[in-house]
Amino acid sequence: MSFFRNLTQKINQALKSPAPAVKFTAPPSNAFNVRPVQPAEEMINQVKPVEIEGSRIGCDGGNGPLGHPMVYINLDGKEPQPCGYCGLRFVQKHGHHHH
């Protein structure tokens with residue numbers, strides 16, 4: 001019994017002692033400012049559209065498991081068509097008409 005009485009006294013003593021002070025220092029307000037230098041739209045527009053001979057292209061991001069789900073893009077128009085996931089743009093080569 002003395003073991004449990006001793007243990008109980010030590011636990012009570014530990015609970016009564018003041019806890020060590022923990023000081024929290026907030027990070028500076030700009031520490032997590034990760035705003036890009038350029039908007040994503042501007043950065044992707046700097047990449048030349050990929051020219052395709054056909055009228056459709058499948059895009060999966062090109063990075064295997066790090067890519068995105070396969071999407072198919074219709075290139076019948078004259079303007080480059082972007083992938084809805086990664087933003088890469090594709091355009092049908094001039095003078096090529098696939099029927």
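Contact here means heavy atoms within 4.5 Å. I start with that because I looked up C83 by its contacts.

**Entry 1: the model as a whole**

I noted that this is a predicted model. Its mean pLDDT is 82, and 88% of the residues score at least 70. I looked up which elements sit at the two ends of the confidence scale: helix 1 has the lowest mean pLDDT, 75, and strand 3 (residues 71-74) has the highest, 96.

I listed the secondary structure as two helices and five strands. Along the sequence they read α-α-β-β-β-β-β. Of the 99 residues in the protein, 13% are buried. I also checked contacts between residues at least 6 apart in sequence, and 36% of these join residues at least 24 apart.

**Entry 2: helix 1**

Helix 1 takes in residues 2-16, 15 residues in all. I found 21 Å from its first C-alpha to its last, close to the 21 Å expected at 1.5 Å a residue. Is helix 1 covered or uncovered? I counted zero buried residues among its 15, so by the cut-off of under 20% relative accessible area it is hardly covered.

**Entry 3: C83 and the core**

I asked which residues C83 touches, leaving aside its neighbours within four places in sequence. The list is C59, H68, V71, I73, L88 and F90.

C83 also belongs to the largest nonpolar core, which has seven residues. The other members are I52, I57, C59, I73, L75 and F90. In soluble globular proteins, nonpolar side chains tend to be buried together.

**Entry 4: strands 2 and 3**

I looked at strand 2 (residues 56-59) next. I57 and C59 form its covered face, while R56 and G58 form the uncovered one. In a regular strand the side chains alternate between the two faces of the sheet.

Strand 2 pairs with strand 3 in the antiparallel sense, over four bridges. I found I57 opposite I73 of strand 3, and both residues are in the largest nonpolar core.

**Entry 5: the three-stranded sheet**

I traced an open sheet of three strands in the order 1-5-4, with mixed pairing. Strand 1 (50-52) and strand 4 (81-82) are the edge strands, each pairing on one side only.

Strand 1 and strand 5 run parallel and are joined by three bridges. The bridge partner of V50 in strand 5 is F90. On the other pairing, strand 4 and strand 5 (residues 89-92) are antiparallel over two bridges, with P82 opposite R89. These two strands form a hairpin with six residues between them, and G87 in the turn has a positive phi of about 85°.

I then checked how strand 5 is covered. R89 and V91 are buried on one side, F90 and Q92 on the other, so both faces count as covered under the 20% cut-off.

**Entry 6: K93**

K93 lies in the segment after strand 5. How exposed is K93? Its relative accessible area is 32%, so K93 is partly exposed, between the 20% and 50% limits.

Leaving aside neighbours within four places in sequence, I found K93 in contact with E51, I52 and E53. K93 and S55 are 38 residues apart in sequence, and their C-alpha atoms are 9.2 Å apart.

**Entry 7: the annotated stretch**

I looked up the record last. An unreviewed UniProt entry annotates residues 56-90 as "domain: Zinc finger CHCC-type". In the model, that stretch is 0% helix and 34% strand. Its end C-alpha atoms are 9 Å apart.

Key: Residues are numbered from 1 along each chain as its sequence is written. This is a predicted model: local features need pLDDT of at least 70, side-chain atom pairs count only at pLDDT 80 or more; totals for chains, interfaces and linings use all residues. Side-chain values use heavy atoms; hydrogens and water are left out. A nonpolar core is a set of buried Ala, Val, Leu, Ile, Met, Phe, Trp, Tyr and Cys residues joined through side-chain atoms within 4.5 Å. Buried means under 20% relative accessible area, exposed over 50%, partly exposed in between (1.4 Å probe, protein chains only). UniProt positions are given in the numbering used here, feature names are shortened, and annotations may be inferred rather than shown by experiment. Two strands pair if DSSP finds at least two bridges between them. The expected span of a helix is 1.5 Å times one less than its number of residues. pLDDT is the predictor's confidence in each residue, from 0 to 100.
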